[in-house]
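Got your viewer open? Let's take a walk around this model, one selection at a time.

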Amino acid sequence: MTYPILETERLLLRQLTLHDTKDLFEYFSLDEVMEYYDLETFKTLEDAENVIQLFNKEFEEGKGFRWAIELKSEKKVIGTCGYHNWHKEHFKAEIGYELNPKFWKKSYMKEAILPILIFGLETMKLHRVEAFIDPANISSEKLLLSLGFNEEGTMRDFFFEKGKFVDAKIFGLINI
């Protein structure tokens, strides 16, 4: 399967390449971006290369998709979003995303996720899309609710990240 390219008015959603390393490092190296992420803040360009290779390996193994969010007007990658933990036998996958803070509060992530949800429900044949977020991540919660996700509860000490257990709020979107 070739990597699906999705497009919106302002964004091109495409496969990440190593040419995107500097753009990803620009924001993955910021503590404010990595606060709720399950990775440490990037210290080197190699960290960004490794995450690009990891996201592409997930696609190659049929485990998910992670699109680069390219701002058409600047030809710059400003974030990524996509599916991981794709359980085909259960018709469900988990969605994840992050965005360069220079582009926060401009509706870019909602614009990017909408075609990805359509792709997931129609092409991947997902019945359920899940999202796990830190309960303190109010911006992410607002985004998910605006996209039609329902909050389903909080799981205590659900993940072990950065040397400690953390809670996770789970949100779900069901294809009816």
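Which loop does Lys-125 lie in? Select Lys-125 and you'll find yourself in the loop between α4 and β6. Keep in mind as you look around that this is a predicted model. Check the backbone angles here: phi of Lys-125 is near 60°, a positive value in a residue other than glycine. Now switch on the surface. Lys-125 has 55% relative accessibility, and the cut-off for exposed is over 50%, so Lys-125 counts as exposed.

Next, jump to Lys-75, in the loop between β3 and β4. Here, too, phi is positive in a residue other than glycine, this time near 50°. Is Lys-75 buried or exposed? With 67% relative accessibility, Lys-75 counts as exposed.

**The sheet**

Switch to cartoon view and follow the strands. They make an open sheet of eight strands, and if you step across it you meet β1-β2-β3-β4-β5-β6-β8-β7, in that order. The pairing is mixed. Strands of a sheet pair through backbone hydrogen bonds, either parallel or antiparallel. Which strands sit at the edges? They are β1 (6-7) and β7, and each pairs on one side only.

Go to the β7 edge and select residues 150-161, which make up strand β7. β7 runs antiparallel to β8, with eight bridges between the two. Want to see some partners? Pick Met-155 and look across to Ala-168 in β8, its bridge partner. Then try Thr-154, whose bridge partner in β8 is Lys-169. β7 and β8 form a hairpin with two residues between them. Click on Lys-162 in that turn: its phi is positive, about 50°.

Now look at how β8 pairs with β6. These two strands are also antiparallel, over six bridges. Select Val-129 to find its bridge partner in β8, Leu-173.

**The nonpolar core**

Time to go inside. The largest nonpolar core has 37 residues, and Tyr-83, Ile-95 and Phe-149 have the most contacts inside it. Which elements supply at least two residues each? Colour β2 (11-15), β3 (65-71), β4 (76-87), β5, α4 (108-122), β6 (128-133), α5 (138-146) and β8 (164-174) to see them. The element that gives the most to this core is α4, with eight residues.

Zoom in on Ile-95 and show what surrounds it. Leaving out residues up to four places away in sequence, Ile-95 touches Gly-82, Tyr-83, His-84, Ile-113, Ile-116, Leu-117, Val-129, Glu-130, Ala-131 and Phe-149. Yes, that's the Val-129 whose bridge partner in β8 is Leu-173.

Apart from this core lies another one, of 14 residues. To find it, select Phe-28, Met-34, Phe-55 and Val-77, which are among its members.

**The largest pocket**

Last stop: the largest pocket, with a volume of about 1400 Å³. Which residues lie nearest its centre? Select Tyr-37, Tyr-97, Glu-98, Asn-137 and Ser-140; they belong to a lining of 45 residues. Colour the lining by class and you'll get 23 nonpolar, eight polar and 14 charged residues. Finally, highlight strand β5 (residues 92-99), the source of the largest share of this lining, with six residues.

How values were computed:
Residues numbered from 1 in each chain as written. Predicted model: local features only at pLDDT ≥ 70, side-chain atom pairs only at ≥ 80, totals over all residues. Heavy atoms only, no water. 1 Å grid on protein atoms, 1.4 Å probe; cavity = no way out; pocket = protein on both sides within 12 Å on 5 of 7 lines; lining within 4 Å. Points joined across faces, edges and corners; volume = space filled by probe spheres on them. Helix = DSSP H or I, 4+ residues; strand = E, 2+ residues; numbered from the N terminus. Nonpolar A, V, L, I, M, F, W, Y, C, P; charged D, E, K, R; others polar. Core = buried A, V, L, I, M, F, W, Y, C linked by side-chain atoms within 4.5 Å. Buried < 20%, exposed > 50% of the residue type's maximum accessible area, 1.4 Å probe, protein only. Contact = heavy atoms within 4.5 Å. Pairing = 2+ DSSP bridges.
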